[in-house]
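Trainee: Please take a close look at the ligand site for me. Then set it in the context of the rest of the chain.

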Amino acid sequence: MNEVIRALMERRSCRSFTKEAVGREDVETILDCALRAPSGMGKQTWQFTAVMDREKIRKLASAVSEALGRGPEYDMYDPAVLVITSNEKESRYREVDNACAMENIYLAANALGLGCVWINQLLTCFDEPKVRGLLRAFGVPEDHGVYGCAAIGYPAAAPGEKERVGKKKIVE
Ligand SMILES: Cc1cc2nc3c(=O)[nH]c(=O)nc-3n(C[C@H](O)[C@H](O)[C@H](O)COP(=O)(O)O)c2cc1C
């Protein structure tokens, strides 16, 4: 099977990571793949911010948890890396553009032997003061919203199979 087709067919979300750190070169590759995603009218109004410090990720998870009224155990699966995909709040294509980039991030991570899962929780709380304060400290632009994050790390367990229930149809 073609390598790209196989990568698409085998992509799965991973929600359990080892403690092993991810190398900076791999993180750079993942961000470069995100930057090559398609964007509406080619605007590329996004930024991809990789946080490679578990303690900083835990702080963000804790602020998000507080903002959403969740318990203290919420840790975004405690990944080695969190890629925050942000975009101008006024950008017409912000969410769809970032979704395209998220798929590139998933595929790049998998190709490097890493697990990845989409973390959506910032979508509704990126402007909560504590959350925004941390985003600011990470260098996420003030006029950006967060339209998906990718938790990434070495998989602690192989992700299970997921039944595909969506329909496909071909008209000839
Ligand atoms: C828009 C969107 C939001 C998602 N948010 C989360 C999330 O917050 N936490 C999570 O564990 N998975 C999240 N996921 C991952 C989905 O649960 C996952 O893709 C789906 O169950 C199919 O499994 P697969 O990725 O292994 O094919 C999200 C996926 C998408 C596309």
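Mentor: I start with the ligand site and then work outward through the chain.

The model is predicted. Keep that in mind for every distance below.

**The ligand site**

The ligand is surrounded by 13 residues. The closest are Arg11, Ser13, Arg15, Tyr77 and Arg164. Sorted by class, the shell holds five nonpolar, three polar and five charged residues. Which element supplies the largest share of the shell? Strand E3, residues 115-119, does, with three residues.

Now the individual polar pairs. Serine 13 places a polar side-chain atom 2.5 Å from an oxygen atom of the ligand. Tryptophan 118 works through its backbone: a polar backbone atom lies 3.2 Å from a nitrogen atom of the ligand. Asparagine 120 also uses the backbone, with an N or O atom 3.0 Å from a ligand oxygen. On its own, the ligand has 620 Å² of accessible area, and the protein covers 67% of that.

**The chain around it**

Next, the frame. The chain has five helices and four strands. Along the sequence they run α-α-β-α-β-α-β-α-β. The C-alpha trace spans about 55 × 40 × 35 Å along its principal axes. The radius of gyration is 16 Å, which agrees with the value near 16 Å for a compact globule of 172 residues. Buried residues make up 41% of the chain. Of the contacts with a separation of 6 or more, 80% join residues 24 or more positions apart. The accessible surface comes to about 10,100 Å², and carbon and sulfur atoms hold 52% of it.

**The N-terminal helix**

Helix H1 covers residues 3-10. How many of its eight residues are buried? The count is zero, so the helix is hardly covered by the cut-off of under 20% relative accessible area. Asparagine 2 caps its N-terminal end. A side-chain oxygen of asparagine 2 lies 2.8 Å from the backbone nitrogen of valine 4.

**Two loop residues with positive phi**

Most residues other than glycine have a negative phi. Two exceptions deserve a check. Methionine 41 has a phi near 55°. Methionine 41 sits in the loop between helix H2 (24-35) and strand E1 (46-51). With a relative accessible area of 63%, methionine 41 is exposed. Aspartate 78 has a positive phi too, of about 45°. Its loop runs between helix H3 (54-68) and strand E2 (81-88). Aspartate 78 is buried, because its relative accessible area is 13% and the cut-off is under 20%.

**Three positions inside the elements**

Take asparagine 87 first. Asparagine 87 belongs to strand E2. Its relative accessibility is 0%, so asparagine 87 counts as buried. The side chain of asparagine 87 makes a polar contact of 2.5 Å with the side chain of threonine 45. Beyond its neighbours within four places in sequence, asparagine 87 is in contact with Thr45, Trp46, Arg94, Asp97, Asn98, Asp143, His144, Gly145 and Tyr147.

Leucine 135 is next, in helix H5 (residues 129-138). Leucine 135 is also at 0% relative accessibility and counts as buried. Outside the four places on either side in sequence, leucine 135 touches Ile84, Leu122, Phe126, Val140 and Val146. Lysine 56 is 79 residues away along the chain, yet the C-alpha atoms of leucine 135 and lysine 56 are separated by 10 Å.

Cysteine 100 comes last. Cysteine 100 lies in helix H4 (residues 94-111). Is cysteine 100 buried, exposed or partly exposed? Cysteine 100 is partly exposed, because its relative accessible area of 32% falls between the cut-offs of 20% and 50%. Not counting residues up to four places away in sequence, cysteine 100 touches Ala37 and Pro38. Leucine 8 is 92 residues from cysteine 100 in sequence and 13 Å away in space, C-alpha to C-alpha.

**Back to the site**

To return to your request: strand E3 gives three residues to the shell. Serine 13 contributes a polar side-chain atom at 2.5 Å from a ligand oxygen. Tryptophan 118 and asparagine 120 approach through backbone atoms, at 3.2 Å and 3.0 Å.

Notes
Residues are numbered from 1 along each chain as its sequence is written. This is a predicted model: local features need pLDDT of at least 70, side-chain atom pairs count only at pLDDT 80 or more; totals for chains, interfaces and linings use all residues. Side-chain values use heavy atoms; hydrogens and water are left out. A residue is near a molecule or strand if one of its heavy atoms lies within 4 Å of it. A polar contact is a pair of N or O atoms within 3.5 Å; within protein, one must be able to donate a hydrogen and the other to accept it, and residues adjacent in sequence count only if both atoms are side-chain atoms. Accessible areas come from the Shrake-Rupley method with a 1.4 Å probe; for residues, only the protein chains shown count as cover. Ala, Val, Leu, Ile, Met, Phe, Trp, Tyr, Cys and Pro count as nonpolar, Asp, Glu, Lys and Arg as charged, and the others, Gly among them, as polar. The radius of gyration is taken over C-alpha atoms; the globule rule is 2.2 Å times the number of residues to the power 0.38. Buried means under 20% relative accessible area, exposed over 50%, partly exposed in between (1.4 Å probe, protein chains only). Contact means heavy atoms within 4.5 Å.
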